[in-house]
2 protein chains.
Amino acid sequence: MAETNRQWLLKKRPHGMVTKDNFERREVAVSEPKDGEILVRNRYLSFDPTQRGWMEDRPSYVPPVAIGEVMRAGSVGEVVRSKHGDFNQGDLVQCTGGWQDYTTIAPGQGIFGASKLPPGTDPVLALSVLGVTGLTAYWGLLDLGQPKRGETVLVSGAAGATGSVAGQIARIKGCRVVGIAGGTDKCRWLKEEARFDDVIDYKSENVNARIGETCPKRVDVFFDNVGGDILEAALNHINMRARVVLCGGISAYNATKPVPGPTNLLNLIIMRARMEGFIVIDYMDRSHVAVPELMKWVQSGEIVNQVDVQEGFDNIPDTLNRLFTGKNLGKQLLKL
Amino acid sequence: MAETNRQWLLKKRPHGMVTKDNFERREVAVSEPKDGEILVRNRYLSFDPTQRGWMEDRPSYVPPVAIGEVMRAGSVGEVVRSKHGDFNQGDLVQCTGGWQDYTTIAPGQGIFGASKLPPGTDPVLALSVLGVTGLTAYWGLLDLGQPKRGETVLVSGAAGATGSVAGQIARIKGCRVVGIAGGTDKCRWLKEEARFDDVIDYKSENVNARIGETCPKRVDVFFDNVGGDILEAALNHINMRARVVLCGGISAYNATKPVPGPTNLLNLIIMRARMEGFIVIDYMDRSHVAVPELMKWVQSGEIVNQVDVQEGFDNIPDTLNRLFTGKNLGKQLLKL
């Protein structure tokens, strides 16, 4: 009883890159669960580029994190005390626990709710390839991208949590897969471990020229996590009836003024191509289709699941920035 | 025999707006038809924004007009002499006759070929609402836009040949239709004649604010002929699962350097929306579906067909520019 709950609250909205000044660290007593609620001790926190957007005070697909509110983040933890009939002490749950040790939550309520994980579930898998990240790759690539055997799939942010899974699914589907990532380590991992057909290092290569070289039959599906110049370069090489899957635009997430879009949008006309955005939460009721298939691919080794696990409560704010400085390879997590 | 054929040849590629210096006027003897060819006397020329793109030396959906070639343009004319079994003297034909009095052409060959029009066809209708312009509106709106009764359809370039028809089809389909056009005359015509529900005058009004006012349920389909700032403003107001139909981007056709795209493309993600380009030539084999329906709507008065008919061979180059200076209301034609 009377456990201490460490929390990082959003203190002021960031302008550009996030710093520790944007948050306030405090320690409070845990909030005891009321009827219908559970108390969860968070074990792993998930870090996703979209969380940067949640810190902005503007309309989006979820309300912004309020000033003074615990910073929002996905998590896996275990039930410490339950006043909800479906949950027992020790149950493993996935929820939006936020940047704190303990979360008091009513399953089925809130933005994302809380769901029980099967006993023995690996929290790391649950927060990466079998979680929001893997589902984003799965549905974005398959539902919007509609890759066909023999087509060319280009992925930006390819060494990230979503991009790396999207590319591997495209490889499983019989496509030529080319990834764009930053740095030799990521590019080597993409070719050797994730078995992309080719890679482009945007930090040292001319992306536009290299897309032309690595995609000689042009690009049928562009799975974009980056936007900006990378999107413009990709649009120069789209094939007839190409599908551009807008998953994210990390290049602009820390921008302090509006970032112009690509100058060549009209290539969508010339190539009769489509650009489409999506949010994975719309697909959550179909997770029973995606999760077993992703699990099968992980178990068979067709998908390698790469995670970067930081540790320590005080490192939480800096860990978010790893996504934007390109330090993470694969899914960014933090173990509490 | 030995008729004189006046021609406007492309002399040098334009940089910015087209001027008479881009063309060379010459007079030559008509080219007599060989076996399988017909000689057509052009009666009406069609002017379309896409023709500006044909003058650029870059890959597109059709090859560029070559230097020294007759400037390419759609036309309706009558057969003067035929060496093709399916065509007789006096037949009315639609072809890409170009900027000249006479065209020698092999039907079924070339970029767009030549097709016979039923006797009594009104050439003006054939080159406007029943021609490429109307078909562009029909397929772009219905196939890509997929408007549903009660939805809001926003059209840019709304007083132009394609926009005016797209908006009227949307009205026929039971949508709320808002048009964006330049100037009080065009806006009045859109409301009073074409019966748009509301109009926005981009020359005198704040387009972004006015879209918000005129589309209180947001924009389900944006039929865009303009691009640039207008596209950016529209993207601020798209509804969930909106369809952005990229028909054209006239705002950039005369640009002398690359024009940045919208800063808010990521709204496509937040709203799970789609932006898609198309070229009407892909739909030409389905004209037998579209033309009778368009004809029915014209005859019943549900679609008003507005044309701007200039006259005189020497006015051809200036007539093209009417599209870019906004002088035309509806379809721009020239009678030879």
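What turn and what shift along the axis lay chain B on chain A? Show both chains and try a turn of 180° with a shift of 0.0 Å along the axis: chain B then sits on chain A with an RMSD of 0.0 Å (copies are superposed by least squares on the C-alpha atoms of residues with pLDDT of at least 70 in both). The two copies are thus related as by a two-fold rotation axis.

Before you click on, bear in mind that this is a predicted model, where local features need pLDDT of at least 70 and side-chain atom pairs count only at pLDDT 80 or more, while totals for chains, interfaces and linings use all residues. Residues are numbered from 1 along each chain as its sequence is written, and chains are lettered from A and ligands numbered from 1 in the order in which they are written.

Now select Gly261(B): in chain B, its C-alpha is the one nearest the axis, 1.9 Å away.

Next stop, the contact. It takes 26 residues from chain B and 25 residues from chain A, where contact needs C-beta atoms, placed from the backbone, within 7 Å. On the side of chain B that touches chain A, pick helix H8 (267–270) and strand E13 (274–277), the elements of chain B that give two or more residues. Helices (H or I, at least four residues) and strands (E, at least two) are DSSP runs, numbered from the N terminus. E13(B) gives the largest share of that side, 4 residues.

Finally, add strand E13 (residues 274–277) of chain A: 3 bridges join this strand to E13(B), and the two run antiparallel (strands pair if DSSP finds at least two bridges between them). Zoom in on Arg274(A), and you'll find it opposite Glu276(B) in E13(B).

Conventions
Two residues are in contact if their C-beta atoms, placed from the backbone, lie within 7 Å.
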